[in-house]
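I sat down with a structure I had not looked at before and kept notes as I went. Here they are, in the order I wrote them.

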Amino acid sequence: MSDIITDELALAIARAPINAAIAAAKLVGRGDERAADQAAVDAMRAALNALAIRGRVVIGEGERDDAPMLFVGESVGGGKGPELDIALDPLEGTTLAAKAKPNALSVIAVAPKGGLLHAPDTYMDKIAIGPGFPDGVIDLDEDAAQNVKALAKAKGVTTSEIGVCVLDRPRHGAIIESLRGSGAKVFLIGDGDIAGVIHCTKPETGIDMYLGSGGAPEGVLAAAALKCVGGQFQGRLVIRNDQERVRAQQAGIEELKRRYDLNDLVSGAAVFIATGVTSGSLLEGVRIRKGEVQTHTLVLNCASGASMELKTRERAQ
């Protein structure tokens, strides 16, 4: 079997997040996170099962609560075609969608079998930057301010010109204080750390670095996007109790304190696809009007180097 995912197959897979985004968009602003997420899950699963692939979900829905669909280990696809590892989040930013806030996405990453780390449903400390910098510029184990200084030097700017994205959480108080002490601009987001990491790849966002702890599964999805564009990522699992330790071991993680880099998380030639549910700095959200649905999707293919933006128009169902 070829270990390359063609652009043609990548575009076929894009139907999964597109359908999920459309389904979730019908519930945007309704205040019901669970209903929006379930609609996205149902639509993504149906689209994946229509593909000529032999897919296995390695990062999916509800590892902690035994979700009935798109669970870790579930087989998807038509049973013929390439064997693929699939990481997905049918609705990244359920709260964002429920409250009609920006940057809710439907996201999927796909790689040849064995190409994606099965990250347990725990937290992960993360640091990420976009492309164009020499290896070793950032260091997960360094102070936040030191990373800002190192990146500013590599970029040839002052620290006041460096923008850092951080989830707005009490646990990040010390990081935020260190960043501001360095002179960096701090962009606080309420949810959606996949989008937060991808911001680093878009100069127009003003964000150069992502820093802080968030979901480990989301870390793998974000790493897939960064690998396709040449960014850098480091992460380490945060194991808080015995239950999470068992969960990590069941996922095949033996070195609980290991520091992962981009190629540890995504070893295969991955494809990353995201469709906007609500409009944000990365993608336009789904628009439903006068019997027509419009979507905006980003498709990145590591193997071909392709970076594609799809804008679709179709009849509303």
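**Notes on sites and domains**

I started at Asp-37, which I found in helix 3, residues 33–49. I should jot down early that this is a predicted model.

I looked up Asp-37 in UniProt next. The record, an unreviewed entry, puts a "binding site" feature at Asp-37 and Glu-61. I checked how these positions sit: they are spread over 25 residues of sequence, yet they cluster in space, with a largest C-alpha distance of 9.7 Å.

The same kind of feature turns up again. UniProt (unreviewed entry) also gives "binding site" for Asp-89, Glu-92 and Glu-218. These are spread over 130 residues of sequence, but I see them cluster in space too, the largest C-alpha distance being 8.7 Å. I placed Asp-89 in strand 3.

**Domains**

I then asked how the chain is divided. I have domain 1 as 7–115 + 269–315, and domain 2 as 123–265. Their C-alpha centres are 23 Å apart.

How many residues of each domain are in contact with the other? I get 23 from domain 1 and 20 from domain 2. For the area, I noted about 1,800 Å² buried between domain 1 and domain 2, with 74% of it on carbon and sulfur atoms. Three residues stand out on the domain 1 side: Glu-92, Phe-272 and Leu-282 supply 28% of the area that domain 1 buries against domain 2, more than any other three residues. I had already met Glu-92 in the UniProt "binding site" feature.

I looked for charge pairing across the two domains and came up with zero salt bridges. Polar contacts do turn up: I have three residue pairs across the interface of domain 1 and domain 2.

Which elements supply the side of domain 1 that touches domain 2? I listed strand 3 (83–92), helix 4 (94–98), strand 4 (105–112) and strand 13 (292–301), each giving at least two residues. Sorting the residues of that side by type, I got 13 nonpolar, five polar and five charged.

**Salt bridges**

Side chains of opposite charge can pair when their charged atoms come close. I wanted the count for this model, and it comes to 15 salt bridges. I picked one to look at: Asp-85 pairs with Arg-56, and their closest N and O atoms are 3.3 Å apart. This salt bridge links distant parts of the chain, with Asp-85 in strand 3 and Arg-56 in strand 1 (residues 54–59), 29 residues apart. That took me back to strand 3, where I had also placed Asp-89.

Conventions
Residues numbered from 1 in each chain as written. Predicted model: local features only at pLDDT ≥ 70, side-chain atom pairs only at ≥ 80, totals over all residues. Heavy atoms only, no water. Domains from an automatic or database assignment. Contact = heavy atoms within 4.5 Å. Buried area = accessible area lost by both parts, 1.4 Å probe. Salt bridge = Lys/Arg side-chain N within 4 Å of Asp/Glu carboxyl O. Polar contact = N/O pair within 3.5 Å; in protein donor to acceptor, adjacent residues only side chain to side chain. Helix = DSSP H or I, 4+ residues; strand = E, 2+ residues; numbered from the N terminus. Nonpolar A, V, L, I, M, F, W, Y, C, P; charged D, E, K, R; others polar. UniProt positions renumbered as here; feature names shortened; annotations may be inferred.
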